[in-house]
Amino acid sequence: MTATGTSDESAEATPNGSHPHEDSRTGLRICPLCEATCGLEITVEAGRVTRARGDRDDVFSQGFVCPKGASFGQLDSDPDRLTRPLVRDADGELKETGWDEAFAAVAAGLGGVLAAGERDAVAVYLGNPNVHTMAGALYPPQLLGALGTRNFYTASTLDQMPKHVSCGLLYGDPQAIPVPDVDRTDHLLIIGANPVESNGSLATVPDFPGRLKRLRRRGGRLTVIDPRRTRTARLADRHVAVRPGSDALLLMAMVHVLFEEGLTDTGELGPHLTGVDEVRDLAREFSPEAVQDACDVSAAEIRALARELATARSAAVYGRVGSSTVEFGTLTNWLVDVLSALTGNLDRPGGSMFPLSATARAPRPAPEPGRPAAPGRGFALGRWRSRVSGRPEAKSELPVVVLAEEITTPGEGRVRALITLAGNPVLSAPDGEGLEKALADLEFMVSVDPYLNETTRHADVVLPPARPSRTPHFDFAFNALPVRNQVRYTRAVVEPGEDEPGEAEILARLLLALAGTPDAPPGTVDEAVISRTLGKAVADPGSPVHGQDPGQLAERLTGRDGVERRLDMMLRLGPYGEGFGAGPGELSLEKLLAHPHGIDLGPLRPRLPGLLRTRSGTVELCPEPIRADVPRLRAALRRRTEDGELVLVGRRHLRSNNSWMHNVPALRGGSNRCTLQMHPHDAARLGLADGDSARITGDGGALTAPVEVTDAVRSGVVSLPHGWGHDRPGTRMRVAADDPGVNVNQLLDGTLVDPLSGTAVLNGFPVRVAALDPSDVEQVGVGPSDLNLADAGPAAGAPGAGPSEAAPSNGTAVPPVRTTGTGSG
Ligand SMILES: Nc1nc2c(c(=O)[nH]1)N[C@H]1C(S)=C(S)[C@@H](COP(=O)(O)OP(=O)(O)OC[C@H]3O[C@@H](n4cnc5c(=O)[nH]c(N)nc54)[C@H](O)[C@@H]3O)O[C@H]1N2
Ligand SMILES: Nc1nc2c(c(=O)[nH]1)N[C@H]1C(S)=C(S)[C@@H](COP(=O)(O)OP(=O)(O)OC[C@H]3O[C@@H](n4cnc5c(=O)[nH]c(N)nc54)[C@H](O)[C@@H]3O)O[C@H]1N2
Ligand code: SF4
Ligand SMILES: [Mo]
């Protein structure tokens, strides 16, 4: 986990067999593989990355690297990575083509669907890596604007939408997300997150593990609430193994204690807070004694949690996936910030603070001290609903769980075409088999993705972006979430070839294809944005460029292409920008390029009330949609753990990333396995021993997985990681297919969601587990989810897979896939 400990991992994998020091040079590349955004120093030999290690001079990550970053080279030169576009031919086979042909196929395919004039007929799904590329931040807004579709889906409704919704309601801005001030806090309360393995999320924290250790060393306290004794929990002073799904009750009881024991102190925030009394009223019935059985945490321990939080000199509350993809996700995320606010820890050093990104819109001037913020537009939920099951939108998105039914249910507004950008919902979302059936119903599908995987194998056109060493990097998303303000930019380490468009060019050309002008130069898209943005800026009396000529400003932008020119514009107009000579700071692309290891912008500073966009201009602590959801929580008070009941939670492994890094040889094996973790008591009760195969059944299907008996999960809870199930034909991830694992999300049928945010419940759902009956043994591999597709034949049971998508014979564009074994059963 340290800078030096693992960085050699990739060196041994010298892909071209050349001497490591022959002809080698180094370059810098911000790591795109998780939210920590570590700076890497990359060694390149003969155009290939042969080594990656932490950049010791990086202003933010200071040399830290994890095993994933260290294997950047293997990922970058993965022979299974697509290098040319694939287009489905008349026989239904995906064949390599040139880029012009591919975009012509996109123009024809999408054009055909759009010609019918139904704006919702084209759906868009944005997957997680969109937040890890420059292009993913810059082009999707225009793409969606051009389409005008309401069928917009992202991985957020499999992840953090509850945080956006709760922050939208509290602060009026769903992007205003406070992060724990890890480096200065005296007490960190972590709920449903395992940053020692995930390296953090919705908080950009390079070397999260090291920072937690330093917190302990300086006398701070760490408390972790998690049904598993994770690596993070092992570092903690207090670990509370809560019953999954019951955190909202537990946190509500902590709020109850704060009021009951007179422990609230909202500090300087007081004048900017409304709704405190209403929260007190809501929490009244949720005493520790009332919730303890449902949470399976004693009332005394809940009281201790509340007192420790309130009496710490400073404290930060941080929740992540285990607080989010759960039945009460929005309530839980709301309570995380309520606890901060009530203990005076919101927006103060050592508490939970709002970062300020270099490309953020420059903040509005702060109101006079003691005066409220100007009223904002507020945040509205449910402005429209999904066509089939009437699920409300949140942040203009519909829940991913409704995508399949929107494709398969006939009628006006049916989804007939799909664009996926950097996503693999077949494995990431509930009921992938249902989604695969639906994808087969589409008239057209295009995917921008470097891999032919469980999702993209259904596409008619696959557009693979250039590999990451050949792509520039700037973190538009994660610079808004760091524990210390900073800004860094790295250009491509290796110049891409003529025939290797980066993701920016691909998305620009996709947009142009949509607009019916596939032959226009991609740069026209960027220039249009620049012109519009500068036009708005000069019209804004608050902008440093107010009244200037936008054309002249555009001429002053620097950068080697449209992407860099846009970055330069955003930096100059941003809160640290030189403002074309009139700005508050000095930042511009030129200045940033002169600092290849980044620029430190200092510790986080208080930002309230200036950032508020609520209608009242205050932090609205008790928003109506939240209040309306509390009766649902009240009903959960009566829940008790029944004897023999099992609920399933997920887990992440250090050496993996959702569904797409199982193809990197250096990251395989060890603890990175798709096993069902189970407490010894439960294993004994069910007659299961370590390594036995267990049958796991949920509402959406059944799976078989090997059991790993461990007391790291509490009894009554089993854990299976997600992103596995690489046993489909017609994919091209040969390393992953060797040890495919099973897709945990097939246990779900997609009906369980957090209603306010539409986020799927992926943690804390009931399952049944049984030893695999010997008479079932032949059944393994032909169950609905762990089909042995190699034996069953290509068409059987793989709904989307026409014969053409089955392992193509040698000599076709896509090499055959090895579908070995029966999942891990
Ligand atoms: N049961 C369960 N399910 C879960 C979760 C869980 O905890 N438990 N976690 C959820 C969470 S938090 C998330 S974020 C989602 C993720 O859901 P998705 O984003 O749908 O899935 P990923 O596995 O991240 O797939 C990323 C895709 O992007 C491609 N890709 C990688 N790099 C690039 C790139 O640079 N450009 C492009 N264009 N494509 C790229 C990969 O090949 C892959 O196809 O999964 C969710 N699903
Ligand atoms: N190595 C690695 N790093 C990653 C990823 C990866 O796949 N691998 N994925 C990236 C992505 S997309 C994201 S969103 C982040 C996620 O980052 P984290 O949220 O830190 O990662 P998880 O491992 O999902 O942690 C969720 C924790 O919640 C616990 N949990 C489950 N249910 C409950 C519950 O009801 N209550 C409580 N209190 N806890 C519960 C689980 O046991 C688990 O330990 O990680 C990112 N980084
Ligand atoms: S912690 Fe994340 S950003 Fe840092 S090297 Fe590892 S994968 Fe890359
Ligand atoms: Mo995520």
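The following dialogue examines how several labels are assigned in this predicted model.

Me: Why is the pair formed by the rings of Phe-208 and Tyr-318 called tilted?

Reply: The model has four aromatic pairs. In the pair of Phe-208 and Tyr-318, the ring centres are 6.1 Å apart and the planes stand at 35°. The centres must lie within 6.5 Å to pair, and planes under 30 degrees apart would be stacked, while those over 60 would be edge-to-face. The angle of 35° fits neither of those labels, so the pair is tilted.

Me: What makes this pair a tie between parts of the chain, and where do Phe-208 and Tyr-318 lie?

Reply: Phe-208 belongs to helix 8 (residues 208–217), and Tyr-318 belongs to strand 13 (residues 316–319). These parts are 110 residues apart in sequence, so the pair ties them together. Both Phe-208 and Tyr-318 are buried.

Me: What makes the charged end of Arg-566 count as sitting over the ring of Tyr-139?

Reply: The charged end of Arg-566 is 5.1 Å from the centre of the Tyr-139 ring. The cut-off for this distance is 6 Å, and CZ of Arg must also be within 35 degrees of the ring normal. Arg-566 is accordingly counted as sitting over the ring of Tyr-139.

Me: How do you know that Cys-167 has no disulfide with Cys-622?

Reply: A disulfide is a covalent bond between the sulfur atoms of two cysteines. The closest cysteine sulfur to that of Cys-167 is in Cys-622, at 16 Å. The cut-off is 2.5 Å, so this distance is too far for a bond. The count for the model is zero disulfides.

Me: Why is Cys-167 called buried or exposed?

Reply: The relative accessible area of Cys-167 is 0%. Buried means under 20%, so Cys-167 is buried. Cys-38 has a value of 8% and therefore is buried as well.

Me: How do you know whether Arg-488 is buried or exposed, and which side chains does Arg-488 contact?

Reply: Arg-488 is placed in the loop between strand 18 (484–487) and helix 19 (503–514). Its relative accessibility is 3%, which is under 20%, so Arg-488 counts as buried. The side chain of Arg-488 makes a polar contact of 2.7 Å with that of Thr-37 and another of 2.9 Å with that of Asp-58.

Me: What makes the approach of Asn-745 to ligand 1 a polar contact?

Reply: A polar side-chain atom of Asn-745 is 2.7 Å from a nitrogen atom of ligand 1. The cut-off is 3.5 Å, so this pair is a polar contact.

Methods:
Residues are numbered from 1 along each chain as its sequence is written. Chains are lettered from A and ligands numbered from 1 in the order in which they are written. This is a predicted model: local features need pLDDT of at least 70, side-chain atom pairs count only at pLDDT 80 or more; totals for chains, interfaces and linings use all residues. Side-chain values use heavy atoms; hydrogens and water are left out. Rings of Phe, Tyr and Trp (its six-membered ring) pair if their centres lie within 6.5 Å; planes under 30 degrees apart count as stacked, over 60 as edge-to-face and the rest as tilted. Helices (H or I, at least four residues) and strands (E, at least two) are DSSP runs, numbered from the N terminus. Buried means under 20% relative accessible area, exposed over 50%, partly exposed in between (1.4 Å probe, protein chains only). A polar contact is a pair of N or O atoms within 3.5 Å; within protein, one must be able to donate a hydrogen and the other to accept it, and residues adjacent in sequence count only if both atoms are side-chain atoms.
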